[in-house]
Amino acid sequence: MELDKKEKAHEQRWKQQTSSVSITLRQEIDRSRRERVTMKQQLQLEIEQLRKKQVTDTQSLTQDVTDLRKKQEQDRTELDKKEKAHEQRLKQQASSVQGLQVKMSQLRQKQETDTKHLAREMTDMREKQMKDRTELERQATTLERVDAHIGLVPFQFTMDFEKHKAADDAWYSEPFYTHPRGYKMCLCVYANGYTTAKQTHISVFAYLMRGMFDEHLKWPLLCDITVELVHQIEDEGHCRVVIPFGDRKSRETFRETERERAKYGWGIRKFISHAKLCSHRDFINNDCIRFQITKIVHRT
């Protein structure tokens, strides 16, 4: 009996437990079903939203494509306009180039005309210069006539010694006449020496020149010319040298007809040494030395 009670009690508990589990299981199944429904609804909602978004994106993309096509068409139209404008500019430039070529041709013709005109003007100017030169020579001839009548020894000439020594060149004096209506001559001085006197002495030469009265004079010119290097402090102590000018064979002693001045002269290569000149500084004043011709004696 006790055992039956226990079995009945156990069975009763088992039924209760089974019933409780069944209820719980049903509740869990219901809850699961509800969740699936909810998830399905959410999924459907998301799918619908995605479809809507897809439609919206498709519409937007379609609009973008349409806009892009419109922009491309506008760009193509603008490019066509630019190409036409560029072609127009090229045509204008070609026209400008042709115009420039025409202008250059006209300028060349004008330049040739101006050159010819300038050449004529230069020719006229040269002719005028020749006339002016002839007039100046006539005036110079008049002055030479005057100088020839009043020119008397001594003749004095000042030379920039240091300048011509540094330049190592020849210095020519102003012309002078040996006597009124006489022979025209000049001095030539090499401050740094000539040939064998180079770098050691002053060389002095007398040159015959073409003069006003040559056709009335006797030739060849033979004379002794006394040349002095002037002591510039005292009127004594001058360095005096006599230059024997000319002989009967040398062309340089006959009348000069081709040049203004004879090609060669007569003189003294070792007129005075540089050492003596430097030791007697009274010959130099402000870098200049002075020569004078004190006597010209004609030889027969």
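His 231 sits in the loop that connects β6 and β7, and this briefing starts from that residue before turning to the strands and the packing around them. The model is a predicted one, and its chain contains three helices and nine strands. From the N terminus onward, these elements follow the order α-β-α-β-β-β-β-β-β-β-α-β. Of the 300 residues in the chain, 24% are buried, and among contacts with a separation of 6 or more, 65% are between residues 24 or more positions apart.

**The surroundings of His 231**

- His 231 counts as buried because its relative accessibility is 13%, which falls under the 20% limit used for that class.
- The side chain of His 231 makes a polar contact of 3.4 Å with the side chain of Asp 282.
- When neighbours within four places in sequence are set aside, the residues in contact with His 231 are Glu 236, Gly 237, His 238, Asp 282 and Phe 283, so that Asp 282 appears both in this list and as the partner in the polar contact.

**The four-stranded sheet**

- An open sheet is built from four strands in the order β1-β9-β6-β7, with antiparallel pairing.
- The edges of this sheet are taken by β1 (155–160) and β7 (239–245), and because each has a single partner strand, one side of each is left without a neighbour in the sheet.
- From one strand to the next, the twist of the sheet averages 25°.
- Within the sheet, β6 (residues 223–229) and β9 (residues 288–298) run antiparallel and are joined by seven bridges; one of the residues involved is Cys 223, whose bridge partner in β9 is His 298.

**Strand β4 and its partners**

- Strand β4 (residues 184–190) is mostly covered, with seven of its seven residues buried.
- In a regular strand, side chains alternate between the two faces of the sheet.
- Both faces of β4 are covered, since the buried residues are Lys 184, Cys 186, Cys 188 and Tyr 190 on one side and Met 185, Leu 187 and Val 189 on the other.
- Strand β2 (residues 170–172) pairs with β4 in the antiparallel sense over three bridges, and Ala 170 is found opposite Tyr 190 of β4.
- Strand β3 (residues 176–177) also pairs with β4 in the antiparallel sense, over two bridges, and the bridge partner of Phe 176 in β4 is Met 185.
- The hairpin of β3 and β4 has six residues between its strands, and there Arg 181 adopts a positive phi near 60°.
- Strand β5 (residues 201–208) pairs with β4 in the antiparallel sense over six bridges, with Ser 203 of β5 standing opposite Tyr 190.

**Nonpolar cores**

- The largest nonpolar core has 34 residues, and the residues with the most contacts inside it are Ile 225 and Phe 291.
- At least two residues of this core come from each of β1, β4, β5, β6, β7, β8 (266–273) and β9.
- Not counting residues up to four places away in sequence, Ile 225 touches Met 185, Ala 206, Val 241, Val 242, Ile 243, Phe 245, Ile 293, Lys 295 and Ile 296.
- A second core, separate from the largest one, has six residues, among them Cys 186, Cys 188, Phe 205 and Tyr 207; Cys 186 and Cys 188 belong to one side of β4.

**Aromatic pairs**

- Ten aromatic pairs are found in a search of the whole structure.
- In one of them, the rings of Tyr 190 and Tyr 194 have centres 4.8 Å apart and planes at 40°, so this pair is classed as tilted.
- The two tyrosines differ in exposure: Tyr 190 counts as buried because its relative accessibility is 16%, whereas Tyr 194, at 31% relative accessibility, counts as partly exposed.
- The rings of Phe 271 and Phe 291 have centres 5.8 Å apart and planes at 70°, so this pair is edge-to-face.
- Because Phe 271 lies in strand β8 and Phe 291 in strand β9, the pair ties together parts that are 20 residues apart in sequence, and both of these phenylalanines are buried.
- One aromatic cluster is formed by Phe 155, Phe 157 and Phe 176, and Phe 176 is also the residue whose bridge partner in β4 is Met 185.

Note on methods
Residues are numbered from 1 along each chain as its sequence is written. This is a predicted model: local features need pLDDT of at least 70, side-chain atom pairs count only at pLDDT 80 or more; totals for chains, interfaces and linings use all residues. Side-chain values use heavy atoms; hydrogens and water are left out. Two strands pair if DSSP finds at least two bridges between them. Axes are lines fitted to C-alpha atoms, for helices over the stretch in contact, and angles run from 0 to 180 degrees between N-to-C directions. Buried means under 20% relative accessible area, exposed over 50%, partly exposed in between (1.4 Å probe, protein chains only). A polar contact is a pair of N or O atoms within 3.5 Å; within protein, one must be able to donate a hydrogen and the other to accept it, and residues adjacent in sequence count only if both atoms are side-chain atoms. Contact means heavy atoms within 4.5 Å. A nonpolar core is a set of buried Ala, Val, Leu, Ile, Met, Phe, Trp, Tyr and Cys residues joined through side-chain atoms within 4.5 Å. Rings of Phe, Tyr and Trp (its six-membered ring) pair if their centres lie within 6.5 Å; planes under 30 degrees apart count as stacked, over 60 as edge-to-face and the rest as tilted.
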